[in-house]
Amino acid sequence: MFHKLRQRLLSWEGFLLAALLVIIVFNSSMSPAYLRIGNWINLFELSIEKIIVALAMTFIIINAEIDLSVASVMGLAAGVLAWLHQAGVPFPLAIILALASGAVSGAFNGFWISFVGIPSLVVTLATLIMFRGGARILMEDQSISGFPDWFNALGQQSLVGPIPFGLILFLLLVVIVIVVLQYSGFGRHIYVIGNSSDVARYSGIKVRRIKMVLFTMSGFVAALAGVLFAARLGAVRGDSALGFELDIITMVLLGGVSIFGGSGSIYGVLLSILIVLNLRNGMSLVNLTGHLQTGVIGLLLILSVLLPNVANYLRERLDRRRFAQ
Amino acid sequence: MNNLKKSIRPGQLREFVLVFLILLMMFLFSTQIENYFSPRFFNRISTSVAIIAVVAIGQTLVVLTRNIDLSVGSIVGFSAYFVGQQLVQDNGLSPATVVLMAVALGALMGGINGLLVSFGGVPSIIVTLGTLAIYRTILVEISNAETVLTANLPEWLLDLPRSNIFSIGDLDFRLMVGVALLAVVVFALILRYTSYGRRLYAIGSNPEAAKNAGFPSRTIVFTAFILSGALAGLAGFMFLARFGNITVVAGLGIELESVAAVVVGGINTNGGTGTIPGALLGAILINILEQSLIRWLSISEFWRDFLLGFLILLAVAADSVIMSRIRNLWAQNGAHSKLGRTGTEGKDTHVS
């Protein structure tokens, strides 16, 4: 009995799966509409930008770094898009430049982190302020809308059957992430660097270059999410996507990725994304709205690390008592 | 000359550099902004520095132990709002009760952080990112979207930000600035001369060794978080006194400002190095920068955040590059003259 329980607790993914099932059962008992496919697609769609960025953040945190600037990059890219559109630049070109601005922002982070050697927490805290400032410079205090119809449709309507473009993009990225992270040499290198950057360097891994690639990619993906955000809302403001980093980091850490790097899997992150989405949906079903949801997510973040620690502690005590007998 | 070189440690040199940077910046702005050195400007900056400096002291204690406290913004907002609401309900509360209430409330919230970090084994960035959201949520829930209004607060509180200890001409030395300076001196002395202070450094520079040496590491980290919370609570009271009108978003972003002040002030986020005067200088630098950028008419207000973020980054980068060189040089010199060793030891000290 205890042995089985132990095995369960040992696997964080197992625990997440159990938690997800509890939430799903609870939600479906609250509302018959919950299990409908339309609701599930809607569920994803409401947080599509965050979950896309969470995929990139998984790489960064496994690599023992952090990127606090993602929400600001999302805002900046959306700002670039809207500003260029207002200035009369052809829309496809505006999208390309918006995405490029994200990659450049990410490379900017990467430069200070890998070549100057400043901790990523400090760099991305500064660029969190800076990139948000960039978005404010472009947008001032106005709200820009009036994007082309096809662009708005991309964010607001379904593309293939009932599935919207954002969800297709997300699923595509999931496949890429699984392949790169779990099955490629590059992915293994990310884990090695996360475990010990010194060991990685001594074994000939190009640590700086990999960190640079990761942060550039993180910026690019954040810009992609920012553009998607503009399409879904049909309007951009200077404070678009403000504060999204908390939710994004929570999703990754809840998925069992260690903040100290080197461990965690993409499957855990996918499960935790499902948990956060369904939990939010469930809270809306019982009329817990707005800010209270943010608080619950914060609580969840702490519990996701505290509970395994407590479980470990209890297990050790149990072992010791048995040993004493 | 050689003696001078030995007696100045790299840490102190850094503080000189900061003072120089602040003076240089003020000089540059004074050529751009008309009537830059007005008494009003001095008074405004000194008051806003006072609040950030108090928070930055607590942040320093936590960062020294290789942790971080991102929840201070919510603690400042929470205690400002909560204490303000108590005062609105009962205008007769004595100043001492009110300050004590704010500090105790902050200490309680800091204590929860500390408990989770040192006894729950949860990394501080996770705990305080979580409580940043949680404390703010509780505030939003208990407030019912009401605002604390200046009109409902007692006279003495409204007079507080304008009350002076002394003034030279139009330059006022405000009571709140005095409180902040007192806190700076007290904590600087604690860090420098008490075993508690030295242990904060020891834990930050090598947690394993500190544990092996028998330090009660957990308790010390726990108390660092309590102090950080208590100081944030005090800052919350100062915030209430300064602004009067308190909404549920009060203090939003102060955690970023305090971390920025600490980092610019030379406190290493890997723990173990940095001083309280450094944090104060960092707070002064950032505040002067912020306020000067607001006054600089040739740029729009929207440029402020962008420049602020970039300059913080530059300050840290300059520090990281220049100081590691200097530290190396210093360590090599010291090692040659004292022990006759090669400089390899010195190189290890700055590997992060």
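## Helix α2(A), the core and the chain contact

On one side of α2(A), Ala18(A), Leu21(A), Val22(A), Val25(A) and Ser29(A) are exposed (12 or fewer other C-beta atoms within 10 Å of their own, with C-beta atoms placed from the backbone). The other side differs: the buried residues of α2(A) are Trp12(A), Leu16(A) and Asn27(A) (buried means 20 or more such atoms; partly exposed lies in between). They cover an arc of only 35° around the axis, so they sit on the same side of α2(A); the arc is that of the directions from the helix axis to the C-beta atoms. These buried residues pack against α14 (266-285) and α15 of chain A.

This is a predicted model: local features need pLDDT of at least 70, side-chain atom pairs count only at pLDDT 80 or more, and totals for chains, interfaces and linings use all residues. Residues are numbered from 1 along each chain as its sequence is written, while chains are lettered from A and ligands numbered from 1 in the order in which they are written.

Helices are DSSP runs (H or I, at least four residues), numbered from the N terminus.

Now the contact between the chains. Two residues are in contact if their C-beta atoms, placed from the backbone, lie within 7 Å. Chain A gives 35 residues and chain B gives 35 residues. On the chain A side, α7(A) supplies the largest share, 13 residues.

| Class, chain A side | Count |
|---|---|
| Nonpolar (Ala, Val, Leu, Ile, Met, Phe, Trp, Tyr, Cys, Pro) | 23 residues |
| Polar (the others, Gly among them) | nine residues |
| Charged (Asp, Glu, Lys, Arg) | three residues |

Methods. Helix = DSSP H or I, 4+ residues; strand = E, 2+ residues; numbered from the N terminus.
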